[in-house]
Amino acid sequence: MNIPLGAADHQWMARAIQLARQGLYTTDPNPRVGCVIVRDGLLVGEGAHLRAGEPHAEVHALRAAGERARGATAYVTLEPCSHHGKTPPCAEALVRAGVGRVVCAMQDPNPLVAGQGLARLRAAGIATAAGVLEPEARALNPGFISRMERGRPFTRLKLASSLDGRTAMQSGESQWITGAAARADVQRLRARSSAVLTGVETVLIDKASLTVRAAELGLPDAEAQRAAQRQPLRVVVDSHLRLPVSTPMLNLSGSTLVATAMPDNAPAAIALSAAGVQVLSLPGADGRVDLAALLPWLAQHAQCNELLIECGATLAGSALRAGLVDELVLYMAPTLLGSAARPLFNLPLEQMAQQYRLQLTDTRQLGDDLRLTLSCRQDDN
């Protein structure tokens, strides 16, 4: 049974979306979900899913509401689950609690749910509606939605440049182009990501760690500590296995995956495996790693929702040309590095017809720097 909607429904859903953001850095690989329970126009319970394996948002909200949930309306940012995973199905919990009405922002793209949660509620005589503030709800979980609908993670390419579009001096020196506020923002991008991908050159030359560091997140202490507890998977694209086992990154907390074009029984692969590194052989036709095959592998085997790429011009250009970048996040500093410095992309274009037209979706100032967010997906343009 579908139900009419009013202004109050949108207001309460906005609160549920606000709650869901509490799990921005901690729910991976699960989606970020918030729930609000309202009875006779009054808030009686609310909650958010905060960590995989722990109670979902609906359970937290129902516990807070207690008996006041009977006959109430539950506002949930994602369709209540209907299957048994690490936790019992939330649709059943709502039925047992006796809620009279459930309003969802969006249907769950997970094939295990995909409308079945709403169907279970309706079968129990509970009135349902979906689609309230759906764009805002989808923006909470671009990676989870991408993994479920496309079989690949939502991919962000992060780059930092001078005003003249240069990322480093010709020698490779690059620390620091941007200021502290921009670097803290990058830390938050890492913290929300399932995995961070880079090229072997960045690791060898820049000594990149790709870790989330609580002190640099620019968040309240308790939130920063929670965010830094889960380190994203580090993925190094190393076609010819040049990464030595002595690389400091390999001794940091969290896991490292090396994607290579070399066979997995190569001596260097065996040495890395012995050091605790997962080596994945994905040879492409050009003797390099098949990036197009790497993304679905990460989605299927690593449950990767959001992938952050931090790399140099060669890998950035390859990912863009292959159509693997959903979003470009560019931090631009008000400085000039000169024409001999290194460019943002290795893109050998010769004609105007070959240009890449992106859609600017957000612009904001971080300290003295600008952050430009652009959509790279053709279906968004």
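1. Helices here are DSSP runs of H or I with at least four residues, and strands are runs of E with at least two, both numbered from the N terminus. The structure under review is a predicted model. Under this assignment, helix α12 spans residues 313–321, and α12 is followed by G323, a residue with a positive phi near 70 degrees.

2. Helix α12 contributes several buried residues, namely A313, L315, A316, G317, A319 and L320. The elements that cover them include the strands β6, β8 (195–199), β9 (233–237), β12 and β14 (342–343), together with helix α11 (291–301). Two of these covering elements, β6 and β12, reappear in the salt bridge treated next.

3. A search of the whole structure returns 20 salt bridges. One of them joins R156 to E306, with 2.6 Å between the closest N and O atoms. Because R156 belongs to strand β6 (residues 154–161) and E306 to strand β12 (residues 306–310), this pair ties together parts that are 150 residues apart in sequence. Both partners lie below the 20% limit for burial: R156 counts as buried at 6% relative accessibility, and E306 is buried with a relative accessible area of 2%.

4. The R156 and E306 pair should be read in its wider setting. R32, R156, R192, E306 and E327 are linked in a network of salt bridges.

5. Strand β12 also holds E310, which forms a salt bridge with R190 in helix α7 (residues 180–192). The closest N and O atoms of E310 and R190 are 2.7 Å apart, and the pair links distant parts of the chain, 120 residues apart. E310 and R190 are both buried.

6. Between D362 and R371, the side chains meet in a salt bridge with an N to O distance of 3.4 Å. How is each partner classed, buried or partly exposed? The limit for burial is 20% relative accessible area, so D362, at 21% relative accessibility, counts as partly exposed, whereas R371, at 14%, counts as buried.

7. The largest nonpolar core has 41 residues, of which M13, I37, L62, V99 and V102 touch the most other members. Its largest share, five residues, comes from helix α1 (residues 7–20). Another core lies apart from it and has 34 residues, among them L282, L291, A316 and V325. A316 is also one of the buried residues of α12.

8. Helix packing deserves a separate remark. Two packed helices are described by the angle between their axes and the distance between the axes. Helix α3 (residues 90–97) packs against helix α4 (residues 116–123) at an angle of about 20 degrees, and their axes are 9 Å apart. Since angles under 35 degrees count as roughly parallel, α3 is roughly parallel to α4. The crossing of α3 past α4 is right-handed.

9. Which residues form the contact between α3 and α4? On the α3 side they are A91, E92, L94 and V95, and these meet G117, R120 and L121 in α4. A93 is also placed in helix α3, and A93 is buried, with a relative accessible area of 12%. From C-alpha to C-alpha, A93 and P80 are 9.4 Å apart in space, while 13 residues separate them in sequence.

Conventions: Residues numbered from 1 in each chain as written. Predicted model: local features only at pLDDT ≥ 70, side-chain atom pairs only at ≥ 80, totals over all residues. Heavy atoms only, no water. Salt bridge = Lys/Arg side-chain N within 4 Å of Asp/Glu carboxyl O. Buried < 20%, exposed > 50% of the residue type's maximum accessible area, 1.4 Å probe, protein only. Core = buried A, V, L, I, M, F, W, Y, C linked by side-chain atoms within 4.5 Å. Axes fitted to C-alpha atoms, helices over the stretch in contact; angles between N-to-C directions. Parallel < 35°, antiparallel > 145°, perpendicular 65-115°, else oblique. Left-handed = near helix turned anticlockwise from the far one by under 90°. Contact = heavy atoms within 4.5 Å.
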